[in-house]
Every structure is written in structure tokens, then in C-alpha cells.
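Me: Please take a close look at the salt bridges of this model, and at the surroundings of the residues that form them. I would like one connected account rather than a list.

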Amino acid sequence: MAVQEITKYTYKDIFTLSTVEFEKACTIDHSVQQNAYSIYWIQEGKGTYNIDFEQFEFQDNVLFFLSPGQVFTVDSEQIKTAYKFTFVRDFYCIQTHDKEVACNGILFNNVYETPFVKPCKKDTKKLQFILESLVDEFQQNEAAQYDMLQAYLKQFMICAVRVQKENHVIKEDEETRLFKDFSVLVEQNFRNLHSVTDYANRLGVSPKSISKHFQKIGSKTPSDFIKNRIILEAKRLLIYTNKNVKEIAFELGFNDPAYFTRFFTKAISKSPLQFKKEY
């Protein structure tokens, strides 16, 4: 790794800002599982990243957002200037601030679509100003530092949400309320509940209504939605734990490990052990 300069600012190990400048191409040959919320801002550079086993390419001035548990791999990158924010729930709780910042499912906690936010020149100036304010605040040592750092982080995310809304049609209100309620329930219960009927009962609607709603908004089927979340978690457990296939099967709500193996193999055309070995 040919690094020209790395500057790191930290507040009590719960909020960190790193500024990185690379003098030439830098490639990381291993995967990292996120243990905190992370924001990456690549101001100058290009590369190919794998996030939760899906490949994304980028070039210049892009932000992306990772939640705890997501798998991040650098396939290739050539970066000149980049910034990285990391923070834990105790510093800024995404769920608590969902209504204010509207970032739950737009920026963070969205394992189904990893958003790459590309700010325009005007938005870049706003984000840069907030970033510089953060750097200045990190160097203060006053009682109100916690509140100021949290406020600047919130401003940064609000600005990113606005950029994302300007560049992408983000459906809200009644049209996607059922979809979001369904996805939140799946995220909370996919280890134990595997059928659309289970979720329909909890939402007080029929399975047919959920299927029609998913079709209307152009989403995958509800059953595929559940299956994909289970498969993603199985991949994470296979790569980042020492648990065997039987233990993973039980953790994901399968009473029969052989059935789990067939379920996994049918989904990705590789057995759990093949996937673990090849990855």
C-alpha cells in the first residue's frame, strides 16, 4: 500500500474521520466486514468495489454508505483523495433519527441496494464546508464538542440524502409504505420467519396483497426478497465466522442442515462449502 498521508481524527472511539491521500494505485486483497456505520467519500479516483458480494464501479467524486455487518472488498482502486467517517450507534442512532434525516433505507440499513451518491459541484462545496467544520471541531476540547460533532454529521447526511433524492426517484408515502414495512420485518425476523404468509399475518394483509404490491412497484417477489436476505446472511456467516454448515443452518432457522444446503445450492449454484472455499 503506497500511502502518501493519512490523518485520523477520533472522538472517544465512537466517531472517527480519516483523510487519505494515495500517491499511486492502492489495492487491498482481502474483505472487511463493517463493525460500525461508515461513510466513504472518494473525491478523486476510480475503482471497483464489492459490497455484500456484488460489484460496483465508480469514478471521481462519489459517496457510499455501509452499515454494520456488510461485507466490503476492494477489487481495485486508484485513489488520489478520499475521506472516511465511522461512527457507532451510541454516537448517532440511524433508527432514532430516521424521521428527521430520512436515511434509514436511503443511505444506511439497506442491504438490498447500496447507494452511490454523486454530488454536483454546488453540493460538493456544501459537503466540503461541513467536512472542514468537522475537522476544526475535532481539534476543539470543549464540553459541547459531542453535540457539535453530531450536528455536523447530521448536516452531512441530510445533504447526501438531498443529493440522492435529486438524482434518483425515491418513492415514499403510501406507494412504498407496505414495501418498507415488509423489508423492516424481514430484516428483524429472517432468521426465524421464512414464508410470505408469516409476514403477511404480522402486517395484517394477505400474501396476495403483498405480491401485488411488489409487482406494482417493480420489485422482486416477496418470497425472493426473503430468500435473498437469508442467502446474504449465510454468505456472511460462511466467510466471517468459524461456524460449520450445520451451525449456520440452525442459526438461520433451518431444522434440517441438508435442506439448508439444498436451499443455498439452488440459489447460487454452489454448495455452502464450495462457496466458502472459492471465496
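Reply: A residue is called buried when its relative accessible area is under 20%, exposed when that value is over 50%, and partly exposed in between. The model is a predicted one, and with a relative accessible area of 9%, glutamate 233 falls under the 20% cut-off and is therefore buried. The partner of glutamate 233 is arginine 191, and the two side chains meet in a salt bridge with an N to O distance of 3.3 Å. Arginine 191 sits in the loop between α4 (173–189) and α5 (196–203), whereas glutamate 233 belongs to helix α7, so this pair ties together parts that are 42 residues apart in sequence. Unlike its buried partner, arginine 191 has a relative accessible area of 30% and is partly exposed.

Helix α7, which spans residues 222–240, also contributes arginine 236, whose side chain forms a salt bridge with that of aspartate 52 at 2.9 Å, N to O. Because aspartate 52 lies in the loop between β4 and β5 (54–59), this contact ties together parts that are 184 residues apart in sequence. Here both partners, aspartate 52 and arginine 236, are buried.

A further pair lies within helix α7 itself: the side chains of lysine 227 and aspartate 224 meet in a salt bridge of 3.6 Å, again N to O. These residues are 3 apart in the helix, and about one helical turn therefore separates lysine 227 from aspartate 224. Both count as partly exposed, lysine 227 at 28% relative accessibility and aspartate 224 at 30%.

The structure holds 8 salt bridges, and those that share partners join Asp52, Glu187, Arg191, Arg229, Glu233 and Arg236 into one network.

As for the nonpolar surroundings, nonpolar side chains tend to be buried together in soluble globular proteins. In this model, the largest nonpolar core has 33 residues, of which Phe15, Ile39, Phe87, Leu107, Phe108 and Met157 touch the most other members. Among the elements that each supply at least two residues of this core are β4 (37–51), β7 (71–87) and α2 (121–138), while the largest share, 9 residues, comes from α3. A second core, separate from that one, has 30 residues and includes Val71, Val186, Ala200 and Phe260.

How values were computed: Residues are numbered from 1 along each chain as its sequence is written. This is a predicted model: local features need pLDDT of at least 70, side-chain atom pairs count only at pLDDT 80 or more; totals for chains, interfaces and linings use all residues. Side-chain values use heavy atoms; hydrogens and water are left out. A nonpolar core is a set of buried Ala, Val, Leu, Ile, Met, Phe, Trp, Tyr and Cys residues joined through side-chain atoms within 4.5 Å. Buried means under 20% relative accessible area, exposed over 50%, partly exposed in between (1.4 Å probe, protein chains only). Helices (H or I, at least four residues) and strands (E, at least two) are DSSP runs, numbered from the N terminus. A salt bridge is a side-chain nitrogen of Lys or Arg within 4 Å of a carboxyl oxygen of Asp or Glu.
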